[in-house]
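Q: Please take a close look at the aromatic side chains of this protein, and explain how they are arranged within the chain as a whole. A connected account, suitable for a first-year student, would be appreciated.

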Amino acid sequence: MEIQMKVILISVDNHTLGIQTVATMVAGSGGEPILFYLPSNLRRYPKAIEDGIMQVLRKITGEERSVLIGFHLKELSYSRAVQLVQAVRTEFGNRAILVAGGTYATSMKEELLSDFDHVVVGDGEGIIPIIKSMETCVSVSPMIESPPRMFRYPLYAEAHVLDENGQINRRHTRPLVHPQYKHRQNMEIMLESGCGYACSFCEVATLREMFGSAYRILQSDPVQSINIIREQLGLSPGIEYVYFFDEDFLLKSEEWISTFAAEYASIGLPFFIFATPRSISKGKRKLSALANVGLDTVNVGVQTGSPRIARDLFGRKEDRAEITDVLDVLTSLYRNGRVTSPPMTDWIILNPYEKKEDMSQTIKLMQDMPLPFNAVMHCMNFFRGTPLYKKALAEGVIPPEYRFRFDLHDFLNRVGANEFGLDFTSRSNLEWLKYNTILAGMKGLHTIKGATRYFGSINENDLPKYLETEMSIKEIAELAASFPNPMDECLFPWEQEHAHQQTKGGG
Ligand code: SF4
């Protein structure tokens, strides 16, 4: 039976692939999904924007007897999703069937049933029986849970987009702020889902725990993938790079990569991939094939230089020697002109499990790694449902009211809020804060300019000074404020005034 009813899919986030893959499933069943991309860095939409969104929804919904509205939920943006859920309930009452999906739905499941009519966990295909039940009036379980079983390509359709000026327009692309490419227009796509790692802080570990041996890494077809990329680029002139969002692009077989590279050669746009240290160690030939056709940046997670934290707390596979070797592979590609940007390395800071000694090992690792590389600092987040969240809650490292409230890069606001309730009259906690502040300052390019070695914003003369000096909390705060704030790059002008008000209000 073909789907007749209106299906509205909303992403309140910067990443949109979740609703795009669900849209493919709805379209595959004969439905016409209507997409909304409403990215923002604010906790709540300003009233005028909420009103604008509701106005468009009202127009689409018209006199329909019922309409399905699906939300792709993430923990950080949940407050915006709830804002819209409440507005939709007030406006449409029970005419709107509200469905929750996405990573936050996977973590929260039952808790969401007070706000949503259905929760889809795992495979987005769970939306289809809900739509059919609405059309046939045969009831279906409020919770639909199944492991992803096959790869789904995203649907690229014109969507209602909250744009860089705070206006809602119909268009194919949406604003994304990327740590490297800033506001440049991209095409985001995923050609494989799943990861070979199971880091304790990541939703992959939640899914692996939930589905056990049914968890799969799901792959696309390289030729079909290129056809989709070509089609989307044709529809959206102005795209400057392709952002592959696969958890680990190098997990694919050499045969897959070689077919893909042969086809991608005609696309001619630089591209960005994520990879893991282990897949890079094993995938040098794959990297070389990709470098031949436009590979620009490889983003690899290192997270910490402390073996205690990497292995025992995060459950990661690589050791220090493997990380250094991997950086050697990546920086050589850059130095030899095979790729256009230095590798991008991810690190986790503000981790309450780390001691000064762990952070010293991280700083030492960065000092020893081959150059140049970019360091991106992510503040520790305990995502609901992950093994690390459960451990930290059980051990009292995070309080029961802990919520992921600040952007991953928002070091200053997190420290200001003292998320972990630390007592900074204690010297060891002050040292923890000082080392984290130094690490925050090491964000950016690690390189040698002239005769000076730079560790992001810190030069080789200042680093030992900071490490050796005992600092007061005021001095640490001044040091933190002296480094560039990554959040300054994230907000669009329309968001800036509202962000200031929301921070002042402590929301
Ligand atoms: S390597 Fe990345 S995507 Fe894979 S489990 Fe770890 S954090 Fe998650």
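A: The account below begins with the whole chain, turns to its aromatic rings, and ends with some further residues of the backbone and surface.

The model is predicted. Its protein chain contains 19 helices and 19 strands. The radius of gyration is 23 Å, which agrees with the value near 23 Å that a compact globule of 507 residues would have. Along the principal axes, the C-alpha trace spans about 70 × 55 × 45 Å.

The interior and the surface can be described in the same way. Of the 507 residues, 57% count as buried. The chain exposes about 21,000 Å², and carbon and sulfur atoms supply 51% of this area. Among contacts between residues at least 6 apart in sequence, 74% join residues at least 24 apart. There are 53 positive and 62 negative side chains, and the centres of these two sets lie 1 Å apart.

Within this setting, a search of the whole structure finds 24 aromatic pairs. One of them is formed by F249 and W256: the ring centres are 6.0 Å apart and the planes meet at 80°, so the pair is edge-to-face, the class for angles over 60 degrees. F249 has a relative accessibility of 0% and therefore counts as buried. W256 has a relative accessible area of 5%, and because buried means under 20%, W256 is buried as well.

Another edge-to-face pair is that of F382 and Y402, with 5.8 Å from centre to centre and 80° between the planes. This pair links distant parts of the chain, for its two members are 20 residues apart. F382 lies in the loop between β16 (373–379) and α14 (387–394), whereas Y402 lies in the loop between α14 and α15 (411–417). Both F382 and Y402 are buried.

The rings may also be considered as a group. Ring pairs link F244, F249, W256, F260, Y264 and F271 into a cluster. The pair of F249 and W256 described above thus has both of its residues in this cluster.

Some features of the backbone also deserve attention. Most residues other than glycine have a negative phi, and most peptide bonds are trans. A cis peptide bond, with omega about -10°, joins L371 and P372. P372 is found in the loop between α13 (356–368) and β16.

Two residues other than glycine with a positive phi can be set side by side. In C137, phi is near 60°, and in Q303 it is near 75°. C137 lies in the loop between α5 (127–136) and β6 (143–146), while Q303 lies in strand β14 (residues 295–303). Their surroundings can be stated too. C137 counts as exposed because its relative accessibility is 64%, whereas Q303, with a relative accessible area of 9%, is buried.

Finally, T24 gives an example of a residue between these two conditions. T24 is found in helix α1 (residues 17–28). Its relative accessibility is 25%, so T24 counts as partly exposed. Leaving aside residues up to four places away in sequence, T24 touches Y153, P154 and L155. The C-alpha atoms of T24 and R338, which are 314 residues apart along the chain, are separated by 36 Å.

Conventions
Residues numbered from 1 in each chain as written. Heavy atoms only, no water. Helix = DSSP H or I, 4+ residues; strand = E, 2+ residues; numbered from the N terminus. Rg over C-alpha atoms; globule rule 2.2 N^0.38 Å. Buried < 20%, exposed > 50% of the residue type's maximum accessible area, 1.4 Å probe, protein only. Contact = heavy atoms within 4.5 Å. Areas by Shrake-Rupley, 256 points an atom, 1.4 Å probe, with all protein chains shown as cover. Lys, Arg positive; Asp, Glu negative; His and termini not counted. Charge placed at Lys NZ, Arg CZ, Asp CG, Glu CD. Phe/Tyr/Trp six-rings, centres within 6.5 Å; stacked < 30°, edge-to-face > 60°.
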